[in-house]
Amino acid sequence: MRTDIPILKPDRIRQRHGSFGWIEHRFIREGYLEGLRDPEPLVYFFLSIVADQRGISFYSLDRIGQLLGIPHAHALQGAIDELVNRDLLAYNSGIFQVLDLPDSAGLYDRSHDRLLVRPRSKKLL
(Lines give C-alpha, C1' and ligand atoms only; values in the text may rest on other atoms or scores of the structure.)
Protein backbone atom coordinates (compact mmCIF):
# COMPACT_ATOMS: atom_id res chain seq x y z
CA MET A 1 0.00 0.00 0.00
CA ARG A 2 1.37 3.37 -1.01
CA THR A 3 1.53 5.84 1.84
CA ASP A 4 2.76 8.83 -0.18
CA ILE A 5 -0.67 9.53 -1.69
CA PRO A 6 -2.67 12.07 0.33
CA ILE A 7 -5.97 11.03 1.88
CA LEU A 8 -8.67 13.30 0.45
CA LYS A 9 -11.19 12.95 3.28
CA PRO A 10 -9.48 11.71 6.45
CA ASP A 11 -12.76 11.76 8.35
CA ARG A 12 -14.29 9.30 5.87
CA ILE A 13 -11.70 6.51 5.65
CA ARG A 14 -13.44 3.20 4.99
CA GLN A 15 -13.82 0.97 7.97
CA ARG A 16 -15.12 -2.52 8.28
CA HIS A 17 -18.50 -2.74 9.98
CA GLY A 18 -19.95 -6.23 10.24
CA SER A 19 -19.65 -8.26 7.07
CA PHE A 20 -17.20 -7.16 4.42
CA GLY A 21 -16.98 -8.21 0.77
CA TRP A 22 -13.86 -7.87 -1.33
CA ILE A 23 -12.50 -8.32 -4.82
CA GLU A 24 -8.84 -9.16 -5.27
CA HIS A 25 -6.70 -6.73 -7.27
CA ARG A 26 -5.67 -9.72 -9.38
CA PHE A 27 -9.21 -9.67 -10.80
CA ILE A 28 -8.24 -6.57 -12.75
CA ARG A 29 -4.46 -6.90 -13.04
CA GLU A 30 -4.53 -10.41 -14.51
CA GLY A 31 -7.32 -9.89 -17.02
CA TYR A 32 -10.32 -11.56 -15.39
CA LEU A 33 -12.45 -8.42 -15.78
CA GLU A 34 -11.44 -7.90 -19.41
CA GLY A 35 -12.79 -11.32 -20.31
CA LEU A 36 -16.29 -10.60 -19.01
CA ARG A 37 -19.21 -9.04 -20.84
CA ASP A 38 -22.27 -7.19 -19.56
CA PRO A 39 -23.90 -8.14 -17.17
CA GLU A 40 -21.26 -10.65 -15.98
CA PRO A 41 -19.05 -8.12 -14.11
CA LEU A 42 -22.07 -6.61 -12.35
CA VAL A 43 -23.24 -10.04 -11.18
CA TYR A 44 -19.72 -10.98 -10.05
CA PHE A 45 -19.28 -7.71 -8.12
CA PHE A 46 -22.69 -8.05 -6.47
CA LEU A 47 -22.07 -11.64 -5.38
CA SER A 48 -18.60 -10.67 -4.11
CA ILE A 49 -20.09 -7.88 -2.00
CA VAL A 50 -22.92 -9.91 -0.45
CA ALA A 51 -20.90 -13.10 0.15
CA ASP A 52 -19.75 -14.17 3.58
CA GLN A 53 -16.06 -14.83 4.30
CA ARG A 54 -16.32 -18.21 2.55
CA GLY A 55 -17.78 -16.61 -0.58
CA ILE A 56 -21.28 -17.98 0.10
CA SER A 57 -24.53 -16.15 -0.57
CA PHE A 58 -28.06 -17.24 -1.35
CA TYR A 59 -29.98 -14.36 -2.90
CA SER A 60 -32.76 -15.55 -5.18
CA LEU A 61 -32.38 -15.02 -8.91
CA ASP A 62 -35.49 -12.81 -8.88
CA ARG A 63 -34.04 -10.58 -6.16
CA ILE A 64 -30.64 -10.32 -7.87
CA GLY A 65 -32.39 -9.35 -11.10
CA GLN A 66 -34.41 -6.69 -9.27
CA LEU A 67 -31.46 -5.20 -7.41
CA LEU A 68 -29.20 -5.12 -10.45
CA GLY A 69 -31.82 -4.00 -12.95
CA ILE A 70 -31.51 -7.13 -15.08
CA PRO A 71 -35.10 -7.55 -16.30
CA HIS A 72 -34.67 -10.77 -18.27
CA ALA A 73 -34.07 -14.03 -16.40
CA HIS A 74 -32.15 -15.52 -19.34
CA ALA A 75 -29.60 -12.65 -19.23
CA LEU A 76 -28.96 -13.22 -15.52
CA GLN A 77 -28.77 -17.00 -15.94
CA GLY A 78 -26.39 -16.55 -18.88
CA ALA A 79 -24.11 -14.35 -16.74
CA ILE A 80 -24.13 -16.91 -13.92
CA ASP A 81 -23.41 -19.74 -16.36
CA GLU A 82 -20.47 -17.82 -17.85
CA LEU A 83 -19.01 -17.05 -14.40
CA VAL A 84 -19.31 -20.74 -13.52
CA ASN A 85 -17.68 -21.75 -16.84
CA ARG A 86 -14.79 -19.37 -16.12
CA ASP A 87 -14.26 -20.96 -12.69
CA LEU A 88 -15.04 -17.70 -10.85
CA LEU A 89 -18.30 -18.87 -9.31
CA ALA A 90 -19.98 -22.07 -8.14
CA TYR A 91 -23.77 -22.31 -8.14
CA ASN A 92 -26.08 -25.08 -7.00
CA SER A 93 -29.72 -25.06 -5.90
CA GLY A 94 -29.86 -21.36 -5.05
CA ILE A 95 -26.49 -21.21 -3.29
CA PHE A 96 -23.65 -19.16 -4.78
CA GLN A 97 -19.98 -19.37 -3.90
CA VAL A 98 -17.53 -16.79 -5.20
CA LEU A 99 -14.38 -18.84 -5.69
CA ASP A 100 -10.77 -18.00 -4.98
CA LEU A 101 -9.34 -16.83 -8.30
CA PRO A 102 -7.67 -19.55 -10.37
CA ASP A 103 -3.85 -19.55 -10.28
CA SER A 104 -3.55 -18.17 -13.78
CA ALA A 105 -6.02 -16.24 -15.85
CA GLY A 106 -4.24 -14.48 -18.64
CA LEU A 107 -6.75 -12.76 -20.85
CA TYR A 108 -9.81 -14.90 -21.26
CA ASP A 109 -10.47 -16.05 -24.78
CA ARG A 110 -13.93 -15.13 -26.04
CA SER A 111 -13.30 -16.40 -29.57
CA HIS A 112 -16.20 -18.84 -29.20
CA ASP A 113 -18.60 -15.86 -29.04
CA ARG A 114 -20.27 -14.65 -32.19
CA LEU A 115 -19.49 -11.21 -33.56
CA LEU A 116 -22.56 -9.23 -32.58
CA VAL A 117 -21.75 -6.00 -34.43
CA ARG A 118 -20.97 -5.99 -38.11
CA PRO A 119 -17.98 -3.95 -39.27
CA ARG A 120 -18.93 -0.65 -40.88
CA SER A 121 -18.58 -0.50 -44.64
CA LYS A 122 -16.34 2.15 -46.11
CA LYS A 123 -18.24 4.88 -47.90
CA LEU A 124 -16.87 6.72 -50.85
CA LEU A 125 -17.21 10.50 -50.66
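Two aromatic rings are counted as a pair when their centres lie within 6.5 Å. The legends below apply this criterion and others to a predicted model.

**Figure 1. Overall architecture of the predicted chain.** The chain contains four helices and three strands, arranged from the N terminus in the order α-α-β-α-α-β-β. Of its 125 residues, 29% are buried. When contacts between residues at least 6 apart in sequence are considered, 60% of them link residues at least 24 apart. The exposed surface of the chain amounts to about 10100 Å², of which 54% is contributed by carbon and sulfur atoms.

**Figure 2. Aromatic cluster containing Phe 27 and Tyr 32.** Six aromatic pairs are found when the whole structure is searched. In one of them, Phe 27 and Tyr 32 have ring centres 6.2 Å apart and ring planes at 5°, and the pair is therefore stacked, since planes under 30 degrees apart meet that description. Phe 27 and Tyr 32 are both buried. Together with Tyr 44 and Phe 45, these two residues form one aromatic cluster.

**Figure 3. Crossing of helices H2 and H4.** Helix H2 spans residues 40–50 and helix H4 spans residues 73–85; their axes come within 9 Å and cross at roughly 75°. H2 is therefore roughly perpendicular to H4, a term that covers angles of 65 to 115 degrees. On the H2 side, the contact involves Glu 40, Val 43 and Tyr 44, which meet Leu 76, Ala 79, Ile 80, Glu 82 and Leu 83 of H4. By residue class, this contact of H2 with H4 comprises six nonpolar and two charged residues, with no polar ones. Tyr 44 of H2 is also a member of the aromatic cluster shown in Figure 2.

**Figure 4. Crossing of helices H3 and H4.** The axes of H3 and H4 come within 10 Å and cross at roughly 105°. This angle makes H3 roughly perpendicular to H4. Leu 61, Ile 64 and Gly 65 of H3 make the contact with Leu 76, Gln 77 and Ile 80 of H4. Four nonpolar and two polar residues take part in the contact of H3 with H4, and no charged residue does. Leu 76 and Ile 80 of H4 take part here and also in the contact with H2.

**Figure 5. Environment of Ile 64 in helix H3.** Ile 64 lies in helix H3, which covers residues 61–68. With a relative accessibility of 1%, Ile 64 counts as buried, because burial requires a value under 20%. Beyond its neighbours within four places in sequence, Ile 64 is in contact with Phe 46, Leu 47, Tyr 59, Leu 76 and Phe 96. Leu 47 is 17 residues from Ile 64 along the chain, and the C-alpha atoms of these two residues are separated by 9.0 Å.

**Figure 6. Environment of Ser 57 in strand S1.** Ser 57 belongs to strand S1, which consists of residues 56–57. The relative accessible area of Ser 57 is 3%, and this residue is therefore buried. Apart from neighbours within four places in sequence, its contacts are with Leu 47, Val 50, Ala 51, Gly 94, Ile 95 and Phe 96. Two of these residues, Leu 47 and Phe 96, are in contact with Ser 57 and also with Ile 64 of the preceding view.

Notes
Residues are numbered from 1 along each chain as its sequence is written. This is a predicted model: local features need pLDDT of at least 70, side-chain atom pairs count only at pLDDT 80 or more; totals for chains, interfaces and linings use all residues. Side-chain values use heavy atoms; hydrogens and water are left out. Rings of Phe, Tyr and Trp (its six-membered ring) pair if their centres lie within 6.5 Å; planes under 30 degrees apart count as stacked, over 60 as edge-to-face and the rest as tilted. Buried means under 20% relative accessible area, exposed over 50%, partly exposed in between (1.4 Å probe, protein chains only). Axes are lines fitted to C-alpha atoms, for helices over the stretch in contact, and angles run from 0 to 180 degrees between N-to-C directions. Helices (H or I, at least four residues) and strands (E, at least two) are DSSP runs, numbered from the N terminus. Angles under 35 degrees count as roughly parallel, over 145 as roughly antiparallel, 65 to 115 as roughly perpendicular and the rest as oblique. Contact means heavy atoms within 4.5 Å. Ala, Val, Leu, Ile, Met, Phe, Trp, Tyr, Cys and Pro count as nonpolar, Asp, Glu, Lys and Arg as charged, and the others, Gly among them, as polar. Accessible areas come from the Shrake-Rupley method with a 1.4 Å probe; for residues, only the protein chains shown count as cover.
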